[in-house]
Amino acid sequence: MQSTGKKALDYQNIKDELLSTVDTGIKCARTVDAEAEFEIYLFQRNVARATVEQGVVDAADGIVEGNAVRAAKRNNVSFASSSGISTERLKRSIEEAIASIRSVNIRDERFKGFCEPKKPGNEGAFADEILQLDKERLIEYADTLVKDGRAFDKRILTAGSSCTAEWGGFAIGNTQGLQQASRSVSNTCNVQCLATEGDERRVAYEYDITRERLIRIEGMGRKAAEKAVSLLGARRLDRTAVLPTIWEPISAASYVYSSLGQSVRGEHVVEGRSPLAGKIGKEVANRHLTITDDGQDPSSISTEAVDDEGQPQQTSVIIRSGRLVQFLFDNYYAGIYGAQSTGNASRGGGPFASALPYEATLQIRPKYLKVEPGRKSLDDIISSVDGQAVLIVDAPIGIFHSSVSTGEFSSVAQSSFLVENGERKCPLHPVSVSGNFYTGFRQLLSVGTDLEMTPFTVETPSIVFDGFSIVG
Amino acid sequence: MLEKLEKCVEIGEKLGAEFVEARFDDLTLRTLLRVNDTWKDVALGSREGFGVACYFSGASGYSFTSSGGREELETAVERAFRIAKASAKVVSLRLDFEQRPAVKSKRSEAYPLKIHPQARDLAYKTDLVNRAVDSARAFGESIANVTGMYGELYGHKMFANSEGSSTDWNFELVDLTCLVTSRTDVGDLVNGFGHAGGTAGLELFNTEGSTPEDIGMEAGVHAKEQLKAKVCPAGKFRALIENELVGVLAHESFGHLSEGDFVVTEGSPLAGKINATLGTEHATIVDQGYPDISRFGGLWIPYDDQGTKANKTTVLDKGVLKHYLHSRGTAKYLRQEPTGNCRAIHFGFIPIPRMTNTYFEAGRLTKEEALELLDTGIYAIQTSGGQVEGDGSFLFKAIRGYKVQKGQIREPLREVALSGNILNLLSKVEGATRDLRIRSGYFGGCGKSGQAPLPCGLGGPELVVSAVTFGGEAS
């Protein structure tokens, strides 16, 4: 076996280099056990990140690289991974994987084999400038964001910023003859500002996520600071009631990811954890709601030619006009359910991605959820409110800790405004917002036009729900 | 391997770094996941790599590599130094070190385990999971899904720095967890949960309360009870908060605010409040790298990732803020002693101030006295996680709960969410029970700054609190 992994591979050749090692690995695996099936995954990513917070700078870079092997024999399936993509490390994983299935009965009667080769989808866009971006530049970006935020208003007590640049690729091969690879780049930044007045402390964020250009930092620090200051002077709601809630894009994205983003995952459907099981074709949401999972949007940082087991990433309509159309699958759960893979196999991906994806076993994850915009602008939505409503402008805390099984959620909106008789009034002290995700989709009132890409791998406009309990 | 780390330090110093730290992780991770009758994951991972931090003019730079080759290590040191120099141009808050005596550990220093995970084969561990799942099925009802999980994480952590420190110790962690989902008559899904874990050998699963049968039974019984549970009413109530959930409060909502990096940047509301009274006399919060694991459970972390020996740090003493949790840089800046809290999840990250085992100290109440003191309110138990904000606001999910009336536990409640602000809550602690428990495990962990999940220990006694906001149904 030839050894790779001595240093960072270049972007143009990374796929060929990784595929070559995968091919060699498959040949090696066959010599270890000719009767077993194998799948080999290699990953390499160049990572640079810089964080500046109140004059403290933390910056780092390195190459994340590793391998993962799945071995299967007579329906016994095992997984082994190790850091590095050298042939020694890969061989070690192959041997560990085969040792597991030889030593214990872990039969999975539902396992039907690794993926068969299919034509890949498309890689996403990439900007050459991201490949050239050095750490010094990232540090400068973060420093500028912080300085801009602090300069906005004397009530900004602290500002912090993180900027990252990443590029790399992965390759997959198996004993079915599949050999695929994909590359991607990303450049991201965020800035958070803390505004204070008396005992009041309010935080606001701004961000940019891109793969087709460099991040645009102009005005971003100021915008975050302005948002934080606008939250000062909050009043208590002083009531417990059921009220409409207007979720701006970032908060709507957190809602969509925590609810449908989980319940349409094939493993939850097949294993009896999703209440959407058995509801294909049925009305599960208001007719204003259409949601697609788009693994082929060239601008999304989740777009790859193939998913993490080598199946083409694709575009899947999940809900059309309120009716459930499709669940998301990898090869394994598609086989059990009687469907085709939707190209949603993932190794620790998503908005809370693993830093070492090769260590993660396969799961199903949405690639990039898109909520179809409606017809009302946010201003129109606000002006149509009769009585009181709560406008939620940031992801409520606790929203990501909800149970897919029950759909019950309870969260605290730290950043919200009271809307009264068609007008946005004062900021509110944190309010508790609770209810049931699935009931919420049925009681959805409208969808806005203000579409935004968010860090939660969801693109959505504002969404208005009725029926949630508010404690303020 | 320590020689390689010492070589990295030497190279960094030659380049001009004022201080260099080098780390090596060689960890093994095993995950077993059984969903109903299917083995979904039988996984073994080897996590091996180097990290180098160079310090220059009050700034740091960090680089990492999974390869131990000479060329790759030299490149990592050079990159770390280059980043430190670039950072020094921007840094305005310097986090220099005090010079300290070298720290030396024994070779492969380890917590004594009776049955190391390496000493048992895979079949032994799959059997643990099978026994938990069988037990859950025996005690549960209307089960839609039962999941059994086993995890182990062990191996070497090595460190060297410019002061001549060299530490070499073994990280050790096991976990057995069972989750049951049951379906109610009207089709709603409810959960039950059982768990045992922490720094221990496999003998842990032979002890009463932590056997696979006990863990499965706990998950099954509680899921069954949830079939009849009601939704928690929304509003403010008196509360009795159970040990695990108290631990989450100690860690998530208070512990993070006391972390030195958050304090030096003034992002924490605890900045500048040493010796301020923040809570009642019943609120004492401690962080400790070496708790009495045999009595209370927890995680053994004898050195942090800057080579500082672990400490017992009383952060809040009877309601009074006494100390922060530090890296060496934040300790010097805030004129306190390093606390052994600078940790990284793995070699891919620079260590930052993180907690080890964080817990409320036990009080004097018996369980009966705590219920009597509560009188009428909500008893909130276990946790499925939560979230906090930098101002101390929190929201945590208790997996289950009960209504309590006149000191008597009444009907069960479904998943209960507690929210509020920790600084406000500390001033409402009326009492603590005698039983301290510290929970730790392989599944889940702390998620600060993208470094998730870092294993930690968290715990406490049960606390009586005069008012907590519960999310639920508005009447």
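**Exercise 1. Determine which side chains meet in the salt bridge that involves Glu359(A), and place this pair within the contact of chain B and chain A.**

Step 1. The partner of Glu359(A) is Arg47(B), and the two side chains meet in a salt bridge at 2.7 Å, N to O, where a salt bridge is a side-chain nitrogen of Lys or Arg within 4 Å of a carboxyl oxygen of Asp or Glu. This is a predicted model, in which local features need pLDDT of at least 70 and side-chain atom pairs count only at pLDDT 80 or more, while totals for chains, interfaces and linings use all residues. Residues are numbered from 1 along each chain as its sequence is written, chains are lettered from A and ligands numbered from 1 in the order in which they are written, and side-chain values use heavy atoms, with hydrogens and water left out.

Step 2. Between chain B and chain A the count is 6 salt bridges, and the largest share of the side of chain B that touches chain A, 11 residues, comes from strand 2 of chain B; helices (H or I, at least four residues) and strands (E, at least two) are DSSP runs, numbered from the N terminus.

Step 3. Polar contacts across this interface amount to 28 residue pairs, both at pLDDT 80 or more, a polar contact being a pair of N or O atoms within 3.5 Å, of which, within protein, one must be able to donate a hydrogen and the other to accept it, and residues adjacent in sequence count only if both atoms are side-chain atoms.

Step 4. The contact (heavy atoms within 4.5 Å) takes 75 residues from chain B and 78 residues from chain A. The two chains bury about 6300 Å² between them, 51% of it on carbon and sulfur atoms, where buried area is the accessible area (1.4 Å probe) that two parts lose on being put together, summed over both. Of the area that chain B buries against chain A, Leu44(B), Phe64(B) and Leu189(B) supply 9%, more than any other three residues.

**Exercise 2. Work out which parts are joined by the salt bridges of Lys73(A) with Asp33(A) and of Arg79(B) with Asp61(A).**

Step 1. A search of the whole structure finds 54 salt bridges over all chains, and one of them joins the side chains of Lys73(A) and Asp33(A) at 2.8 Å, N to O. Because Lys73(A) lies in strand 2 (residues 56-73) of chain A, and Asp33(A) in the loop between helix 1 (14-32) and strand 1 (37-53) of that chain, the pair ties together parts that are 40 residues apart in sequence.

Step 2. Lys73(A), at 17% relative accessibility, counts as buried, as does Asp33(A) at 6%; buried means under 20% relative accessible area, exposed over 50%, and partly exposed in between (1.4 Å probe, protein chains only).

Step 3. The side chains of Arg79(B) and Asp61(A) meet in a salt bridge at 2.8 Å, N to O. Arg79(B) lies in helix 2 of chain B and Asp61(A) in strand 2 of chain A, so the pair joins two chains. Arg79(B) is partly exposed, with a relative accessible area of 24%, whereas Asp61(A) is buried, at 1%.

**Exercise 3. Characterise the surroundings of His195(B), beginning with the strand in which it lies.**

Step 1. His195(B) lies in strand 6 (residues 189-198) of chain B, and His195(B) is buried, with a relative accessible area of 13%.

Step 2. Not counting residues up to four places away in sequence, His195(B) touches several residues, among them Leu176(B), Ile215(B), Glu218(B) and Gly441(B).

Step 3. The side chain of His195(B) makes a polar contact with the side chain of Asp175(B) (3.3 Å), and the backbone oxygen of Ser440(B) lies 3.1 Å from a polar atom of the side chain of His195(B).

Step 4. The C-alpha atoms of His195(B) and Arg439(B) are separated by 9.2 Å, although these residues are 244 residues apart along the chain.

**Exercise 4. Establish which residues of helix 1 of chain B are buried and how they are arranged about its axis.**

Step 1. The buried residues of helix 1 of chain B are Leu5(B), Cys8(B), Val9(B), Ile11(B) and Gly12(B). Seen down the helix axis, they fall within an arc of 165°, so they line one face of the helix; the arc is that of the directions from the axis to the C-beta atoms.

Step 2. On the other side of this helix, Glu3(B) and Lys14(B) are exposed, while what covers its buried residues includes strand 1 (19-35) and helix 2 (70-88) of chain B.
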